[in-house]
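Subject: A structure to look through

Hello,

I am handing over the structure we talked about, together with some notes on what turned up in it. Please open it first, and then read on with the view beside you.

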Amino acid sequence: MTLRPAREDDIETLAELNKQLLQDEGHPAPISVPELLARHRDWLATGEWSQDILDVEGHLVGYIVHAPNPYPLDPEIPERFIRQFCIARQYRRNGLGRDAFELFMETRVAPGGRVTLDVLETNPTGQAFWEAVGCRPFFRRMEAFRPE
Ligand SMILES: CC(C)(COP(=O)(O)OP(=O)(O)OC[C@H]1O[C@@H](n2cnc3c(N)ncnc32)[C@H](O)[C@@H]1OP(=O)(O)O)[C@@H](O)C(=O)NCCC(=O)NCCS
């Protein structure tokens with residue numbers, strides 16, 4: 001497996017995989033593939049978020065979107081936030097997610113650095129995956145709505 005920055009010709013695949021990710025994690029906000037395309041293209045242009053492609057023998061098997069966390073828990077410890085992490089449906093349960101996270105840690109996180117991410121309560125698979133690769137919960141994000 002290799003990890004490489006996404007290019008313009010990856011954007012369509014990124015948008016399709018992002019749609020899979022949103023469906024599979026049970027994301028509450030519906031967003032269309034054209035909107036996702038625009039977002040990935042924007043990130044490519046601005047560099048606001050790094051978009052890395054996971055490649056296995058020429059097959060694009062998944063992607064990771066991440067950036068340094070500007071508000072680290074501990075200013076002494078460099079922290080990188082994973083915003084999106086997806087293995088394409090047809091490649092799952094083969095250990096690729098595990099390999100991808102290991103490669104990410106080796107190549108994108110400074111020694112001693114911390115990785116943080118959010119995982120939805122509607123995504124038990126994601127929760128099981130992150131715990132399996134060594135992440136632990138330390139934070140519970142809560143929400144409430146003011147009535148209309
Ligand atoms: C979560 C995801 C990245 C896992 O990728 P993957 O390549 O299938 O994961 P791996 O095969 O490397 O699995 C590693 C371990 O995670 C756990 N795991 C993975 N998928 C699981 C599932 N469906 N149910 C329970 N545990 C699971 C297992 O412990 C597994 O180890 P094992 O196969 O030895 O039992 C993938 O399912 C995915 O892209 N899902 C949609 C997007 C998503 O939820 N991303 C995380 C958002 S926070």
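A good place to begin is D24, which counts as partly exposed because its relative accessibility is 32%. Please keep in mind throughout that this is a predicted model, and that the values in this message were computed from it.

The side chain of D24 meets that of R92 in a salt bridge, with 2.8 Å from N to O. R92 lies in the loop between β4 and α3, whereas D24 belongs to helix α1 (residues 11-25), so this pair ties together parts that are 68 residues apart in sequence. R92, too, counts as partly exposed, because its relative accessibility is 32%. As general background, side chains of opposite charge can pair when their charged atoms come close.

A second pair to look at is R141 and D118, which form a salt bridge whose closest N and O atoms are 3.1 Å apart. Here R141 sits in the segment after α4 and D118 in the loop between β5 (114-117) and α4, so the pair ties together parts that are 23 residues apart in sequence. R141 is exposed, with a relative accessible area of 62%, while D118 counts as partly exposed at 41% relative accessibility. Going back to the earlier pair, salt bridges that share partners join D24, R89 and R92 into one network.

How many salt bridges does a search of the whole structure find? The search finds eight, and one more that deserves a look is the salt bridge between D10 and R4, where the closest N and O atoms are 2.8 Å apart. Is D10 buried or exposed? With a relative accessible area of 5%, D10 is buried, because the cut-off for that word is under 20%.

The ligand is the next thing to turn to. There are 19 residues around the ligand, and those that come nearest are F85, R93, G97, R98 and N123. If you zoom in on the backbone, you will find a backbone N or O atom of F85 at 2.8 Å from a nitrogen atom of the ligand, and a backbone N or O atom of R93 at 2.8 Å from an oxygen atom of the ligand. N94 also takes part, with a polar backbone atom 3.3 Å from an oxygen atom of the ligand. On its own the ligand has 910 Å² of accessible area, and the protein covers 78% of that.

Which elements supply the shell around the ligand? At least two residues each come from β4 (79-87), α3 (96-108) and α4 (124-132), and α4 gives the most, with five residues. Sorted by character, the residues of this shell comprise ten nonpolar, five polar and four charged.

Two places away from these topics are also worth finding in the view. On the surface, L73, F138 and F139 make a nonpolar patch of about 340 Å²; of these, F138 lies in the segment after α4 and counts as partly exposed, at 48% relative accessibility. Lastly, P34, in helix α2 (residues 33-46), counts as exposed because its relative accessibility is 58%, where the word calls for over 50%. P34 and E16 are 18 residues apart in sequence, and their C-alpha atoms are 9.6 Å apart in space.

With best wishes

Methods: Residues are numbered from 1 along each chain as its sequence is written. This is a predicted model: local features need pLDDT of at least 70, side-chain atom pairs count only at pLDDT 80 or more; totals for chains, interfaces and linings use all residues. Side-chain values use heavy atoms; hydrogens and water are left out. A residue is near a molecule or strand if one of its heavy atoms lies within 4 Å of it. A polar contact is a pair of N or O atoms within 3.5 Å; within protein, one must be able to donate a hydrogen and the other to accept it, and residues adjacent in sequence count only if both atoms are side-chain atoms. Accessible areas come from the Shrake-Rupley method with a 1.4 Å probe; for residues, only the protein chains shown count as cover. Helices (H or I, at least four residues) and strands (E, at least two) are DSSP runs, numbered from the N terminus. Ala, Val, Leu, Ile, Met, Phe, Trp, Tyr, Cys and Pro count as nonpolar, Asp, Glu, Lys and Arg as charged, and the others, Gly among them, as polar. Patches are made of residues with over 30% relative accessible area and no salt bridge: like charges are joined within 9 Å, nonpolar side chains (Val, Leu, Ile, Met, Phe, Trp, Tyr) within 5 Å. A salt bridge is a side-chain nitrogen of Lys or Arg within 4 Å of a carboxyl oxygen of Asp or Glu. Buried means under 20% relative accessible area, exposed over 50%, partly exposed in between (1.4 Å probe, protein chains only).
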